[in-house]
Amino acid sequence: MKTLKYTLACLMLISLAACEKFLDTAPLDSINTSNFYKTKEDAIAAINGAYQPLQWPKLYNMRIWTTDIWAGNSLVGAGGGTDGIETQDIANFVTSTDNAAALDVWRGPAPGILRCNLVLENVPGMDIDQDLKNRITGEAYFLRANYYFILVRLFGDVPLITKAQTPDDDLRPRRTAASVVYDTIIGDLKRAIELLPQREAYSGADIGRASKGAATGMLAKVYLTLGRYDETVNLCQRVTSLGYTLNENYTDNFNPSGKNSPESLFEVQYYGKTSYSFWDNENQASWVSTFTGPRNSDFVAGGWGWNQPTQEFVSLYENGDNRKEATILYDGCPSFDEKEYKASFSSTGYNLRKFLVSKSVTEDYDGSPANWPVLRYADVLLMEAEALCELNRTGEAYGPLNQVRNRAGLDNLSGLSQSALRDAIRKERRIELAFEGSRWFDLIRYDNGQYAAAFFNSIGKTNFSSKFLLLPIPQKEIDANPNLTQNSGY
């Protein structure tokens with residue numbers, strides 16, 4: 001059985017090949033594994049395979065964006081009843097160990113980690129161009145760090161596997177302390193920064209690959225999560241020195257015709273309709289417009305009504321904030337594709353506008369080519385502002401904070417106490433990065449969870465307790481691997 005598991009895992013990797021776009025797939029009927037990792041095409045195909053799990057519903061094509069529902073920015077909406085019950089349960093803090101969303105995000109990174117490990121074990125010894133070898137190795141370090149960053153924030157201690165397992169290995173690994181996992185993430189990202197080229201080195205089908213800026217920004221986010229503020233500031237300023245800028249218009253970050261823009265550090269790449277089913281991992285269509293378009297509205301292809309913003313969230317917008325009409329559909333908002341929004345389309349009176357893809361782009365529910373924004377320069381600026389505030393360098397924090405506010409059409413802030421400035425930065429992150437999968441991770445890191453408890457109590461979710469800062473280890477995984485232990489309280 002061990003041999004079968006390992007063989008299948010390897011075949012899953014080597015059945016991927018490079019096509020026109022670096023994340024397209026072309027399954028092969030058969031391949032001789034002894035001939036793999038011989039040519040540069042083999043190395044490129046292998047790293048392409050390491051990107052692909054990012055695209056799947058277990059991660060960015062569904063579960064990551066639904067974390068904003070967990071975080072109280074929105075409700076599931078959708079078809080009502082048990083539609084999205086696993087997301088409803090997490091958001092209402094009645095999460096059980098058989099929760100399907102928890103199982104998805106536990107399993108989602110595993111194929112990517114395996115593929116990164118195989119690249120890191122094989123590509124450095126290949127006889128190929130050194131610059132290409134460095135780039136591919138750097139991509140693998142970046143991707144492995146991102147997969148583990150997702151896991152450790154959601155579950156705490158997780159099994160740390162940094163080499164491809166063989167039949168002789170213990171295939172029932174124990175959980176590794178989160179501190180050790182973070183050390184590995186930091187080491188991987190430092191190596192990625194050294195090895196990766198700047199984004200300008202990419203052209204054609206390679207645009208969108210991990211770059212030096214992506215790794216630098218991701219490491220800044222790791223340090224911010226750990227409260228290492230001096231290092232956060234230094235890395236954020238390094239990102240600025242690499243030439244990243246805010247787009248003039250906020251909406252450009254989500255326009256499928258403007259992907260991988262000057263503001264983008266890293267996006268999950270999608271290319272639209274393929275011959276694969278919408279529900280297959282191999283599809284190249286983003287789900288978010290299809291899922292979040294207003295139900296029964298004919299606004300977009302699909303339109304299943306998920307992720308409906310709450311009144312509490314919408315009330316946070318300041319007068320004149322141009323992000324409101326770019327993010328939210330509301331009664332009296334500007335029309336969408338010459339269609340007028342009705343509050344009756346949603347149980348809260350609001351729907352998302354941010355990620356909707358016009359029918360002029362695709363008339364097919366399985367055809368959206370929109371990328372998913374993992375890390376933007378606006379996030380980097382707000383990380384810098386937050387870290388400066390926490391260092392009590394409040395005078396310096398206004399610069400990056402006000403850059404984000406000014407793009408939104410808002411006036412500068414100044415003269416606030418450290419506590420008031422902290423609150424302003426946290427609010428700015430919530431608005432600027434709304435529904436991009438950041439809010440939950442912010443909530444659980446602020447004030448060691450005390451901020452989350454106060455927030456959820458303020459919106460009536462009084463059953464929240466500190467155990468919900470982490471998801472349960474799925475019972476299916478514990479049944480299969482008795483060496484796994486459960487998170488406290490579940």
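Which element gives the most to the lining of the second largest pocket? In this predicted model, the answer is strand β6, with 5 residues. The pocket itself has a volume of about 720 Å³. Its lining is made up of 41 residues. Closest to the pocket centre are Arg153, Thr225, Phe441, Asp442 and Arg445. Several elements give two or more residues to this lining. They are α7, α8, α9, β6 (372-376), α14 (377-390), α16 (418-432) and α17 (439-445). By residue type, the lining of the second largest pocket divides into 20 nonpolar, 13 charged and 8 polar residues.

Helix α8 is one of the elements that line this pocket. The helix covers residues 178-195, which makes 18 residues. From the first C-alpha to the last, α8 reaches 26 Å. That is close to the expected 26 Å, at 1.5 Å a residue. Many positions in α8 can be named as buried. They are Ala178, Val181, Tyr182, Thr184, Ile185, Ile186, Gly187, Asp188, Leu189, Ala192 and Ile193. What do the buried residues of α8 pack against? Their partners are three helices: α7 (130-155), α9 (212-225) and α10 (229-241). Of these partners, α7 and α9 also give residues to the pocket lining.

Helix α2 offers a second example. It spans residues 40-51 and has 12 residues. The distance from its first C-alpha to its last is 17 Å, close to the 16 Å expected at 1.5 Å a residue. Is α2 enclosed or open to the outside? Helix α2 is largely enclosed by the rest of the structure, because 10 of its 12 residues are buried. The buried stretch of α2 consists of Asp42, Ala43, Ile44, Ala45, Ala46, Ile47, Asn48, Gly49, Ala50 and Tyr51.Closed spaces also occur inside the model. How many cavities of 30 Å³ or more does the structure hold? There are 4. In the largest cavity lies about 100 Å³ of space. The lining of this cavity has 15 residues, and those closest to its centre are Asn253, Phe254, Asn255, Asn371 and Pro373. The lining of the largest cavity divides into 7 nonpolar, 5 polar and 3 charged residues.

The second largest cavity holds about 50 Å³ of space. Its lining consists of Leu316, Tyr317, Glu318, Asp321, Arg323, Leu410, Lys427, Glu428 and Ile431. Helix α16 supplies the largest share of this lining, 3 residues. Here the division is 5 charged, 4 nonpolar and no polar residues. Helix α16 also gives two or more residues to the lining of the second largest pocket.

The loop between α11 (288-292) and β3 (306-309) contains valine 300. Is valine 300 buried or exposed? Valine 300 counts as buried, because its relative accessibility is 3%. Beyond its sequence neighbours up to four places away, valine 300 touches Ser289, Gly293, Phe336, Leu356, Val357 and Lys359. The C-alpha atoms of valine 300 and threonine 362 are separated by 8.5 Å. Along the chain, these two residues are 62 residues apart.

Aspartate 298 is found in the loop between α11 and β3. What is notable is its backbone angle. Most residues other than glycine have a negative phi. Aspartate 298 is not a glycine, yet its phi is positive, at about 65°. With a relative accessible area of 49%, aspartate 298 is partly exposed. Aspartate 337 has a positive phi as well, of about 50°, and is not a glycine. Its place is the loop between β4 (328-329) and β5 (351-352). Aspartate 337 counts as partly exposed, because its relative accessibility is 37%.

The cysteines come last. How many disulfides does the structure hold? The number is 0. For cysteine 236, the closest cysteine sulfur is that of cysteine 389. The two sulfurs are 14 Å apart, so they are too far from each other for a bond. Cysteine 236 counts as buried, because its relative accessibility is 0%. Cysteine 333 also counts as buried, at 5% relative accessibility.

Definitions and conventions: Residues are numbered from 1 along each chain as its sequence is written. This is a predicted model: local features need pLDDT of at least 70, side-chain atom pairs count only at pLDDT 80 or more; totals for chains, interfaces and linings use all residues. Side-chain values use heavy atoms; hydrogens and water are left out. A disulfide is a pair of cysteine sulfur atoms within 2.5 Å. Buried means under 20% relative accessible area, exposed over 50%, partly exposed in between (1.4 Å probe, protein chains only). Helices (H or I, at least four residues) and strands (E, at least two) are DSSP runs, numbered from the N terminus. The expected span of a helix is 1.5 Å times one less than its number of residues. Contact means heavy atoms within 4.5 Å. On a 1 Å grid over the protein atoms alone, a cavity is a set of points where a 1.4 Å probe fits but cannot get out, and a pocket is an open set with protein on both sides within 12 Å along at least five of seven lines; lining residues have an atom within 4 Å of a point. Grid points are joined across faces, edges and corners, and a volume is the space filled by probe spheres set on the points. Ala, Val, Leu, Ile, Met, Phe, Trp, Tyr, Cys and Pro count as nonpolar, Asp, Glu, Lys and Arg as charged, and the others, Gly among them, as polar.
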